[in-house]
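Me: Could you take a close look at one spot in this model for me? I'd like to hear about a single charged residue and the partners around it.

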Amino acid sequence: MNALQDLDQMKQQWLAQSAAGPDVAALRERVAADNRSHRRTLVLVGLATLLIIALTFGYAWRSARAAAWFSFVFTTAFAALVWLVALWLSRGTWRPRDESTSACLDVSIRRCRSVMLAAPVGILLYVAGLVGSLAWKQRLLDVDLGQLLEAPAMIVSGWIGAPLYALGMLWNAQRHRKRLAALLDLKRQLSES
């Protein structure tokens with residue numbers, strides 16, 4: 001009978017203990033890691049964009065066709081559009097407004113929502129760029145659309161690249177959707193305490 005009383009006392013003590021609080025230090029470290037990752041990604045994507053524009057410029061410079069210059073202008077304009085959309089989608093996600101836990105939590109929530117919105121927008125822009133490229137190549141090179149669809153570049157960027165890109169974006173959005181749910185739960189916990 002004494003053992004049962006001890007067990008009941010232990011059970012009551014266990015139930016009376018408060019749940020472990022949110023790990024604020026881990027949240028701050030995650031925000032700092034996201035900041036570093038964001039900067040690296042921006043640099044790499046910026047360099048890739050400049051490389052594509054430079055290659056298109058080089059092609060136009062060597063070509064005797066005026067259409068090559070239109071291709072350069074189209075590529076540059078499309079790259080500018082993609083960058084503008086990306087910057088618009090990521091507004092408010094660069095860094096927390098201050099070092100408070102609330103600011104770190106808010107920027108993490110905005111980042112998750114930004115990634116979730118960027119997935120369908122990114123897929124749409126990828127497909128638009130692919131279709132625009134095909135249409136322009138058909139006009140520029142005066143090649144049959146069937147030949148363009150069977151070209152190695154189209155096989156890599158369209159038939160293989162497009163589905164892989166779409167799946168990657170959707171997987172990433174789903175991952176951030178789960179993270180958003182956890183962050184919103186953390187925000188609720190912090191507001192209750």
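**Asp-34 and its arginine partners**

Reply: Let's start with Arg-111, which makes a salt bridge to Asp-34, with 3.8 Å between the closest N and O atoms. That contact joins distant parts of the chain: Arg-111 sits in helix H4 (residues 101-141) and Asp-34 in helix H2, 77 residues apart. Both Arg-111 and Asp-34 are buried. Keep in mind that this is a predicted model.

Next comes Arg-179, whose side chain meets that of Asp-34 in a salt bridge at 3.1 Å, N to O. Arg-179 belongs to helix H6 (residues 152-192) while Asp-34 is in helix H2, so this pair ties together parts 145 residues apart in sequence. With a relative accessibility of 15%, Arg-179 counts as buried, because the cut-off for buried is under 20%.

Then there's a partner within helix H2 itself. Arg-30 and Asp-34 are both in that helix (residues 24-62), four residues apart, or about one turn. Their side chains form a salt bridge at 3.4 Å, N to O. The two ends of this pair have their own labels: Asp-34 has a relative accessible area of 16% and is therefore buried, whereas Arg-30, at 37% relative accessibility, counts as partly exposed.

Put it all together and you get a network of salt bridges linking Arg-30, Asp-34, Arg-111 and Arg-179. For context, a search of the whole structure turns up eight salt bridges.

Notes:
Residues numbered from 1 in each chain as written. Predicted model: local features only at pLDDT ≥ 70, side-chain atom pairs only at ≥ 80, totals over all residues. Heavy atoms only, no water. Salt bridge = Lys/Arg side-chain N within 4 Å of Asp/Glu carboxyl O. Helix = DSSP H or I, 4+ residues; strand = E, 2+ residues; numbered from the N terminus. Buried < 20%, exposed > 50% of the residue type's maximum accessible area, 1.4 Å probe, protein only.
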